[in-house]
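The following account leads the reader through one protein chain, from its open and enclosed spaces to its domains and some local features. Please keep the sequence and the coordinates at hand while reading.

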Amino acid sequence: MIGQQYLMLPGPTPIPERVLQAMNRPMINHRGPEFKDMLLEVTKGVKMVYGTDHNLLIYPSSGTGVLEASIVNFISPGDKVLAISIGVFGDRFASIAQNFGAQVQKLSFKWGQAADPTQLREALARDQEKKIKAVLVTHNETSTGTFNDIKAIKEAMQDHPALLMVDCVSGLGALEFQMDAWGVDVALSGSQKAFMIPPGLGFMAFSDRALKIHRRNTNHRFYWDVTEGLKYLEKGQTAFTPAVSLFYGLQEALSMMLEEGLDHIIKRHRRYRDMVRASIRAMGLDLLAADTEASTAVTAVLAPGRSGANQIRNRMLKRFNIALAGGQLELDDVMFRIGHLGYVRELDLLAVIAALEITMLESGFKLELGAGVNRAQRFISEAED
Ligand SMILES: Cc1ncc(COP(=O)(O)O)c(C=O)c1O
């Protein structure tokens with residue numbers, strides 16, 4: 001098939017040519033001066049994206065690795081933890097905590113809905129002895145295309161001393177996040193989403209308050225140990241061999257992000273969300289998440305009759321070489337997901353909507369060909385930059 005695949009997943013996401021070229025460089029000594037300069041530069045850059053002046057460690061790992069890193073460094077066996085879940089990744093964070101000995105109380109919400117901060121406030125109010133040590137929550141729930149209002153969640157915690165630990169794996173750089181201003185203690189992310197580089201780097205940012213708690217932590221760990229990580233960072237190194245080529249990519253991607261400006265990036269993602277949702281609706285299809293809670297990184301589209309989503313995805317791949325994500329677990333075949341984060345532009349989305357219309361028509365769904373594309377075109381022509 002001619003041309004590159006349209007990789008419309010909520011991660012891994014397309015890699016800009018500049019980043020690919022930057023990674024195609026010889027290896028260097030990871031304990032030498034060039035790596036030190038690069039490590040300090042990218043640490044500063046990633047902290048800027050988080051909106052934090054506190055601590056940041058970069059691990060060779062996927063997102064799940066840093067979720068685990070956060071648990072083993074900041075949660076001790078026996079600690080009570082309140083885990084908010086609105087989907088697959090909220091459940092995963094809770095499971096990791098449970099696996100490492102935490103007493104997990106879950107606060108779950110229907111898939112496709114965001115967490116209700118009032119219910120969190122009530123749950124914490126019942127904890128009069130302040131036994132809950134941490135609240136775990138997902139920023140952007142990739143499995144349902146729904147985001148949680150982290151600022152409102154922190155406000156709902158009022159003066160409860162529990163750490164606020166946030167999985168920002170697919171949200172950071174695609175929707176607003178201000179770690180220090182909102183009072184988040186620990187925030188985890190990964191390279192393969194809005195950062196526009198391949199999978200393989202995990203980011204863990206943590207406040208000085210979290211660091212104090214870490215000093216008394218009794219959980220098992222070795223590879224993930226924050227004390228070691230910080231000791232090496234002071235020397236401009238990582239504790240263990242870093243993924244050097246991905247650092248080259250990260251350095252270039254951060255330059256691109258700085259050139260564009262974080263505010264513009266966030267606005268651009270918001271526009272993608274609104275454009276995709278308006279076009280999907282114009283085609284006569286339904287969306288899983290409500291407008292007020294819909295992710296700017298990924299849109300979950302319900303298949304007509306709530307089944308056959310995988311067939312639609314297969315057709316999109318075979319006929320147009322466009323890769324869409326499926327629904328997970330109970331949402332498998334019920335819906336498909338269009339990723340629109342990172343190195344994506346409106347023109348890509350226009351093509352995806354056009355291809356989707358043809359695919360839906362060929363699948364027997366009655367629609368007026370061009371209704372979605374027309375809506376998308378109008379959206380683009382009316383949008384301000
Ligand atoms: C919100 C969220 N958390 C955690 C993860 C897990 O990341 P990984 O697959 O890189 O381990 C993902 C991956 O898609 C995610 O979207």
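How much space lies in the largest pocket? In this predicted model, the largest pocket holds about 520 Å³. Its lining is made up of 18 residues, and those closest to the centre of the pocket are Q4, P14, I15, Y343 and D348. Two or more lining residues come from each of strand 1 (6-8), helix 1 (17-23), helix 11 (262-282) and helix 13 (346-362). In chemical class, the lining of this pocket comprises 10 nonpolar, 6 charged and 2 polar residues.

The division of the chain into domains gives a frame for these elements. Domain 1 is assigned to 6-11 + 261-382, and domain 2 to 17-258. The C-alpha centres of domain 1 and domain 2 are 28 Å apart. Contact between them involves 28 residues of domain 1 and 27 residues of domain 2.

The extent of this interface can also be expressed as an area. In general, the size of an interface is often reported as the accessible area that is lost when the parts come together. Between domain 1 and domain 2, about 2,100 Å² is buried, and carbon and sulfur atoms account for 63% of that area. On the side of domain 1, the residues that lose the most area to domain 2 are L262, E293 and Q328, which together give 23% of what that side buries. How many salt bridges does the rule find across the interface of domain 1 and domain 2? The number found across this interface is 0.

Salt bridges are nevertheless present in the model, since a search of the whole structure finds 16 of them. One of these joins the side chains of R18 and E252, with an N to O distance of 2.8 Å. R18 belongs to helix 1 and E252 to helix 10 (residues 244-260), so this pair ties together parts that are 234 residues apart in sequence.

Attention now turns to the enclosed spaces. Rolling a probe the size of a water molecule over the atoms reveals where empty space is left. The structure contains 2 cavities of 30 Å³ or more. The largest cavity has a volume of about 170 Å³. Its lining consists of 16 residues, with I58, Y59, G229, T238 and A239 nearest the centre of the cavity. Helix 2 (33-50), strand 2 (55-60) and helix 9 (226-234) each contribute at least two residues to this lining, and strand 2 provides the largest share, 5 residues. Sorted by class, the lining of the largest cavity has 10 nonpolar, 5 polar and 1 charged residues.

The second largest cavity has a volume of about 30 Å³. I58, Y59, P60, L201, T238, F240, T241, P242, A243 and F247 form its lining. Strand 2 again supplies the largest share, here 3 residues. The lining of the second largest cavity includes 8 nonpolar and 2 polar residues, with no charged residues.

Two features of the backbone complete the account. Which residues does a cis peptide bond join? The cis bond lies between G11 and P12, where omega is about -5 degrees. P12 is placed in the loop between strand 1 and helix 1, and these two elements also contribute to the lining of the largest pocket. The other feature concerns N321, which has a positive phi of about 55 degrees although it is not a glycine. N321 occupies the loop between helix 12 (309-320) and strand 13 (322-326).

Terms used: Residues are numbered from 1 along each chain as its sequence is written. This is a predicted model: local features need pLDDT of at least 70, side-chain atom pairs count only at pLDDT 80 or more; totals for chains, interfaces and linings use all residues. Side-chain values use heavy atoms; hydrogens and water are left out. On a 1 Å grid over the protein atoms alone, a cavity is a set of points where a 1.4 Å probe fits but cannot get out, and a pocket is an open set with protein on both sides within 12 Å along at least five of seven lines; lining residues have an atom within 4 Å of a point. Grid points are joined across faces, edges and corners, and a volume is the space filled by probe spheres set on the points. Helices (H or I, at least four residues) and strands (E, at least two) are DSSP runs, numbered from the N terminus. Ala, Val, Leu, Ile, Met, Phe, Trp, Tyr, Cys and Pro count as nonpolar, Asp, Glu, Lys and Arg as charged, and the others, Gly among them, as polar. Domain bounds come from an automatic or database domain assignment. Contact means heavy atoms within 4.5 Å. Buried area is the accessible area (1.4 Å probe) that two parts lose on being put together, summed over both. A salt bridge is a side-chain nitrogen of Lys or Arg within 4 Å of a carboxyl oxygen of Asp or Glu.
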